Amino acid sequence: MRAQVTTSSVQGSVSDTEGEPLIGATVRAVHEPSGSVYGAVTNIDGRFNLPNLRVGGPYSIEVSYLGYDSELFSGIVLRLGEPY
């Protein structure tokens, strides 16, 4: 029996301007057509994973960390079963 993949994911890392990982940064993804919101916090290596996201988009992704300006990435489109 094989399971059918119906979602996608976003993975990545967050670091400062010197390349040091930012532990505990907040990553928030919004599926703009539906308003669905997904969130994650970076781990000790500055890495995050947002699994089980709706396919398509566009998504906007905001990364924030206390003491730093937030970064916004928009126009992201996810493909079925392919991590972004």
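Leaving aside its neighbours within four places in sequence, which residues is L53 in contact with?

## L53 and the nonpolar core

This is a predicted model, and L53 is a handy place to start exploring it. Beyond four places in sequence, L53 is in contact with T7, S8, V10, A29, Y38, Y59 and L78. Try showing those side chains together on your screen.

L53 also belongs to the largest nonpolar core, which has 16 residues. Within that core, L50 and L53 touch the most other members. Five strands each supply at least two residues of this core: β2 (26-31), β3 (36-41), β4 (47-53), β5 and β6.

## N52, in strand β4

Now look at N52, which is found in strand β4. Its backbone has a positive phi of about 60°, although N52 is not a glycine.

Is N52 buried or exposed? N52 counts as exposed because its relative accessible area is 55%, and the cut-off for that label is over 50%.

## S60 and its surroundings

Moving on to strand β5, we find S60. This serine has a relative accessible area of 14%, so S60 is classed as buried, the limit being under 20%.

What does the S60 side chain pair with through a polar contact of 3.4 Å? The partner is the side chain of E32. E32 is also listed among the residues in contact with S60 once neighbours within four places in sequence are left aside. The others on that list are R28, A29, V30, L72, F73 and S74. A29 appears again among the contacts of L53.

## A cis peptide bond in β5

Strand β5 also holds P58. The peptide bond that joins G57 and P58 is cis, with omega at about 10°. If you are checking the backbone by eye, this bond is an easy one to pick out by its residue names.

## The largest pocket

Rolling a probe the size of a water molecule over the atoms shows where empty space is left. In this model, the largest pocket has a volume of about 330 Å³. It is lined by 19 residues, and the closest to its centre are V14, S15, V63, E71 and F73. One of these, F73, is also in contact with S60.

Which strands each supply at least two residues of the lining? They are β1 (8-13), β5 (56-64) and β6 (71-78). Sorted by class, the lining has 11 nonpolar residues, five polar ones and three charged ones.

Methods: Residues are numbered from 1 along each chain as its sequence is written. This is a predicted model: local features need pLDDT of at least 70, side-chain atom pairs count only at pLDDT 80 or more; totals for chains, interfaces and linings use all residues. Side-chain values use heavy atoms; hydrogens and water are left out. On a 1 Å grid over the protein atoms alone, a cavity is a set of points where a 1.4 Å probe fits but cannot get out, and a pocket is an open set with protein on both sides within 12 Å along at least five of seven lines; lining residues have an atom within 4 Å of a point. Grid points are joined across faces, edges and corners, and a volume is the space filled by probe spheres set on the points. Helices (H or I, at least four residues) and strands (E, at least two) are DSSP runs, numbered from the N terminus. Ala, Val, Leu, Ile, Met, Phe, Trp, Tyr, Cys and Pro count as nonpolar, Asp, Glu, Lys and Arg as charged, and the others, Gly among them, as polar. Buried means under 20% relative accessible area, exposed over 50%, partly exposed in between (1.4 Å probe, protein chains only). A polar contact is a pair of N or O atoms within 3.5 Å; within protein, one must be able to donate a hydrogen and the other to accept it, and residues adjacent in sequence count only if both atoms are side-chain atoms. Contact means heavy atoms within 4.5 Å. A nonpolar core is a set of buried Ala, Val, Leu, Ile, Met, Phe, Trp, Tyr and Cys residues joined through side-chain atoms within 4.5 Å.
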